[in-house]
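Dear colleague,

I am passing on the structure we spoke about, together with some notes on what came out of the analysis. Please have it open while you read.

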Amino acid sequence: MKHFEANFDGLVGPTHNYAGLSFGNVASYSNAAQASNPKSAAKQGLKKAKSLADLGMIQGVLAPQERPDLYSLRRMGFSGSDAEVLNQAAKHAPALLNACCSASSMWTANAATVSPSADTRDGKVHFTPANLVDKLHRSIEPITTGNILKATFKDERFFKHHQHLPEHASFGDEGAANHTRLCNDYGHSGVELFVYGQEATNPNAIKPTKFPARQTLEASQAVARLHQLDDESSVFIQQNPHVIDQGVFHNDVISVGNQNVLFYHEQAFLNTDAKFEEIRRKMNADVHFVKVSTEQVSINDAVKSYLFNTQIITLPNGDMAIIAPTNCQENPAVFAYLNELVTLGTPIKQVQYYDVKQSMQNGGGPACLRLRVAMSELEVSAVNQHTLMNDALFNKLNVWVDKHYRDSLEVKDLADPQLIIESRTALDELTQILKLGSVYQFQK
Ligand SMILES: NCCC[C@H](NC(=O)CCC(=O)O)C(=O)O
């Protein structure tokens with residue numbers, strides 16, 4: 001049977017905005033309070049997703065979340081009508097209002113960790129939504145994320161959904177952004193590489209000093225247990241705390257893997273040699289470790305351009321391609337490196353550039369925008385087919401965006417009671433387009 005790696009991109013929600021919510025994420029902080037363009041953000045994302053479908057890849061979409069999140073605001077003590085809740089929050093606690101309005105669920109690399117059936121003891125595809133406890137605005141995502149994943153991967157014969165990990169800093173979990181699967185073929189059992197930023201229960205363990213390490217070893221280990229992975233198919237490696245302190249808030253800002261390739265910056269990890277040896281032994285096969293040195297690309301250039309937040313995909317002809325943001329073309333050192341990379345004799349043979357600047361300004365590149373799910377042909381046929389990208393869905397979603405999205409949004413607009421009405425109308429229509437059923441609280 002044929003096996004594929006599908007990409008499920010997060011649709012950008014109608015409240016896409018720049019509120020500077022993510023301490024440790026350089027782009028989020030430096031673009032705080034700029035006006036965003038939700039319509040163009042959504043269209044940039046759709047274009048990337050459609051282009052991958054056109055390349056012959058299996059491409060899906062995941063619905064965004066309902067924002068403003070009035071339920072969270074009510075839990076925080078704001079009351080009255082929806083308009084009153086927004087108004088009171090804007091007046092007395094604007095930071096809480098902003099946290100409840102982010103479209104951050106668009107970065108589906110943080111939606112969940114996924115283990116394909118070839119790796120798991122029960123032969124099912126396992127999903128654990130990320131609890132995202134490190135950031136208030138993201139910690140309100142996991143329940144709806146779970147609903148959307150269940151509506152997209154519904155068939156219990158093939159898909160197993162877990163509850164997100166306990167909501168405590170010891171279990172900080174950011175999902176697939178800190179997880180890469182290496183394998184020879186998508187259908188063969190592989191090695192799942194879990195990258196953590198700190199060991200929460202060991203006070204003597206090394207960790208960053210300036211910015212938070214969002215992923216803990218304890219969380220990664222818990223996910224591996226839930227997903228029924230054997231020791232022989234998992235490796236835990238610590239991210240270098242010095243790069244976290246330079247703005248590498250997730251591993252997917254400094255390394256990315258696909259099949260038997262791990263593309264990484266030489267400063268990405270701690271204890272690199274021993275851990276790579278462990279990967280080689282557990283893979284029992286050749287692995288291409290494609291290293292980028294600091295001399296070739298500095299950490300600063302990697303963070304600015306998102307060289308490693310690229311998608312490495314295997315095209316139907318077997319060649320690998322890098323899907324990069326146009327920011328990589330605009331950075332001379334990174335562009336020179338990528339031009340050279342395709343001549344080096346690694347499996348990576350081409351680079352394609354996409355403009356996802358609306359997302360980049362919040363620190364989310366092409367890889368942040370997608371959740372990978374490796375599946376067999378049979379498993380693909382069990383996915384909710386209405387979420388899979390093709391000409392018809394692309395056209396429908398573009399029309400839907402044109403109808404409901406604004407082309408400019410500022411932080412001061414978040415208290416506009418009209419925005420929640422627009423957002424709910426759009427999402428209600430979306431659940432019909434994608435045939436998701438009732439996944440949002442306002443629909444229950
Ligand atoms: N994988 C990329 C995630 C980017 C995301 N940015 C944000 O949430 C920024 C939101 C804002 O600042 O408005 C984050 O840091 O988790």
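I begin with a single pair of residues, methionine 320, which stands opposite isoleucine 348 in β14. Please keep in mind throughout that this is a predicted model. The pair belongs to the contact between strand β13 (residues 320-325) and β14, which run parallel and are joined by 6 bridges. These two strands are part of an open sheet of 3 strands, in which the order is β12-β13-β14 and the pairing is mixed. Its edges are formed by β12 (311-314) and β14 (348-354), each of which pairs on one side only, and from one strand to the next the twist averages 25°.

There is another open sheet, also described as mixed in its pairing, with 3 strands in the order β6-β7-β8. Here the edge strands are β6 (179-182) and β8 (234-238), and each of them pairs on one side only; the twist averages 25° from one strand to the next. Helix α10 (residues 272-283) packs on this sheet and touches β6, β7 and β8, while its direction makes about 170° with that of β8. Within the sheet, β6 and strand β7 (residues 191-196) pair over 4 bridges in the antiparallel sense, and histidine 179 has phenylalanine 194 in β7 as its bridge partner.

Which way do the side chains of β6 point, and are they buried or exposed? In a regular strand the side chains alternate between the two faces of the sheet. In β6, His179 and Arg181 point one way and Thr180 and Leu182 the other way, and all of these are buried.

Taken as a whole, the protein has 17 helices and 15 strands. Its C-alpha atoms fill a box of roughly 60 × 45 × 40 Å along the principal axes. A compact globule of 444 residues would have a radius of gyration near 22 Å, and the protein, with 20 Å, agrees with that expectation. Buried residues make up 54% of the 444 residues, and of the contacts with a separation of 6 or more, 77% are between residues 24 or more positions apart.

As for the ligand, 20 residues surround it, and the closest are Ala19, Leu21, Ser22, Ser28 and Cys368. Sorted by class, this shell has 8 nonpolar, 11 polar and 1 charged residues.

Finally, some points of backbone geometry may deserve a look. Most residues other than glycine have a negative phi, and most peptide bonds are trans. Against that background, arginine 67 and proline 68 are joined by a cis peptide bond, with omega about -5°, and proline 68 has its place in the loop between β2 (59-62) and α3 (70-75). Glutamine 228, a residue other than glycine, has a positive phi near 55° and lies in the loop between α8 (217-226) and β8. Glutamine 228 counts as partly exposed because it has 16 other C-beta atoms within 10 Å, a number between the limits of 12 or fewer for exposed and 20 or more for buried. Lysine 435, which is not a glycine either, has a positive phi of about 50° and is placed in the segment after α17 (417-433). With 11 other C-beta atoms within 10 Å, lysine 435 is exposed.

With best regards

How values were computed:
Residues are numbered from 1 along each chain as its sequence is written. This is a predicted model: local features need pLDDT of at least 70, side-chain atom pairs count only at pLDDT 80 or more; totals for chains, interfaces and linings use all residues. Two strands pair if DSSP finds at least two bridges between them. Axes are lines fitted to C-alpha atoms, for helices over the stretch in contact, and angles run from 0 to 180 degrees between N-to-C directions. Two residues are in contact if their C-beta atoms, placed from the backbone, lie within 7 Å. A residue is near a molecule or strand if its C-beta atom, placed from the backbone, lies within 6 Å of it. Ala, Val, Leu, Ile, Met, Phe, Trp, Tyr, Cys and Pro count as nonpolar, Asp, Glu, Lys and Arg as charged, and the others, Gly among them, as polar. The radius of gyration is taken over C-alpha atoms; the globule rule is 2.2 Å times the number of residues to the power 0.38.
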